[in-house]
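Hi,

Here's the structure I promised to pass on. Have a look at it first, then read on for what I found.

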Amino acid sequence: MTESPITNHQSRSFPRGVLFDLDGTLLDSAPDMLATVNRMRVARGRAAMTLAGIRPHVSRGARAMASAAFPDVPPERVPELVPEFLGIYREELGRHGRPFDGVEAMLAALEADGARWGIVTNKPESLARDLLPQLGWDTRSGVLVGGDSLSERKPHPLPLLHAAQVIGIAPADCVYVGDDRRDIDAARAAGMLSVVALWGYRLDDDDPAAWQGDAMIAQPVDLLDPSAWPRPRP
């Protein structure tokens with residue numbers, strides 16, 4: 001006997017729609033970023049950085065990573081390093097990073113439950129689109145929105161609202177998962193519930209509790225428990 005749409009909806013264990021940040025949330029891309037900045041440093045006769053040195057800056061984008069790699073460069077000159085960074089990063093893309101432990105199992109659980117999921121990142125769309133086939137996510141992700149896909153980027157809510165429209169799930173029925181304050185601010189502005197990914201990238205003085213996400217999760221594997229996900233308020 002075929003279930004009615006209402007019955008099927010009520011039987012779901014996980015949220016109807018889940019949108020994810022990419023770097024620092026689904027993907028541990030810091031090793032790719034490290035290889036990138038170290039090629040830049042070696043070309044200038046400088047010692048290599050450590051993974052611990054670049055990791056906290058990954059979620060903040062190319063400019064932040066270039067600034068961390070070259071702290072003596074005046075802030076107004078850092079944008080000049082960004083094209084070089086992106087060009088080298090394209091060559092290192094996917095060579096060193098991998099999904100965080102537990103991510104694949106979590107995505108499989110969402111899919112098995114009939115949820116739709118997608119990616120909203122501030123990474124340039126072309127880089128994200130080149131990366132997804134390497135991970136096998138290009139045919140599984142219901143939507144990909146990059147930082148340059150639309151007229152606004154996170155923390156503006158437009159990318160999240162657009163992604164929800166593409167996957168056909170109302171924002172109120174979506175949860176956004178991210179490791180940066182901009183992710184949580186964007187989710188709130190879009191009317192979505194949010195999950196703070198504590199396994200991601202952040203500076204030592206960041207206080208994720210102050211972001212006021214709807215849930216804070218230590219590891220991706222914890223999201224295999226349906227009760228760990230935030231639920232719409234009655």
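**Strand S6 and its neighbours**

Let's start with one pair: valine 175 sits opposite leucine 193, which belongs to S7. From S6 the chain goes through helix H9 (residues 181–190) and on to S7, and this β-α-β crossover is right-handed. S6 and S7 (residues 193–197) run parallel, joined by four bridges.

Strand S1 (residues 17–20) also runs parallel to S6, again with four bridges. One pairing to look for there is phenylalanine 20 with valine 177 of S6.

Now for S6 itself (residues 174–178): five of its five residues are buried, so the strand is largely enclosed by the rest of the structure. In a regular strand, side chains alternate between the two faces of the sheet. Here, Cys174, Tyr176 and Gly178 point one way, while Val175 and Val177 point the other way.

**Aspartate 21**

Next, go to the loop between S1 and strand S2 (27–28), where you'll find aspartate 21. Is this residue buried or exposed? Its relative accessibility is 7%, and buried means under 20%, so aspartate 21 counts as buried. Its side chain makes a polar contact with the side chain of threonine 25, at 3.2 Å. Aspartate 21 also touches residues further along the sequence, including Tyr176, Val177 and Gly178.

**How far to trust it**

Keep in mind that this is a predicted model. The chain's mean pLDDT is 93, with 94% of residues at 70 or more. Residues 1–11 are below 50, though, and that stretch has three contacts beyond near neighbours in sequence. Where pLDDT is low, the predicted coordinates shouldn't be read in detail.

Cheers

Terms used: Residues are numbered from 1 along each chain as its sequence is written. This is a predicted model: local features need pLDDT of at least 70, side-chain atom pairs count only at pLDDT 80 or more; totals for chains, interfaces and linings use all residues. Side-chain values use heavy atoms; hydrogens and water are left out. pLDDT is the predictor's confidence in each residue, from 0 to 100. Contact means heavy atoms within 4.5 Å. Buried means under 20% relative accessible area, exposed over 50%, partly exposed in between (1.4 Å probe, protein chains only). Helices (H or I, at least four residues) and strands (E, at least two) are DSSP runs, numbered from the N terminus. Two strands pair if DSSP finds at least two bridges between them. A crossover is right-handed if, with the strands pointing away from the viewer, the path from the first strand over the helix to the second runs clockwise. A polar contact is a pair of N or O atoms within 3.5 Å; within protein, one must be able to donate a hydrogen and the other to accept it, and residues adjacent in sequence count only if both atoms are side-chain atoms. Lists of a residue's contacts leave out its neighbours within four places in sequence.
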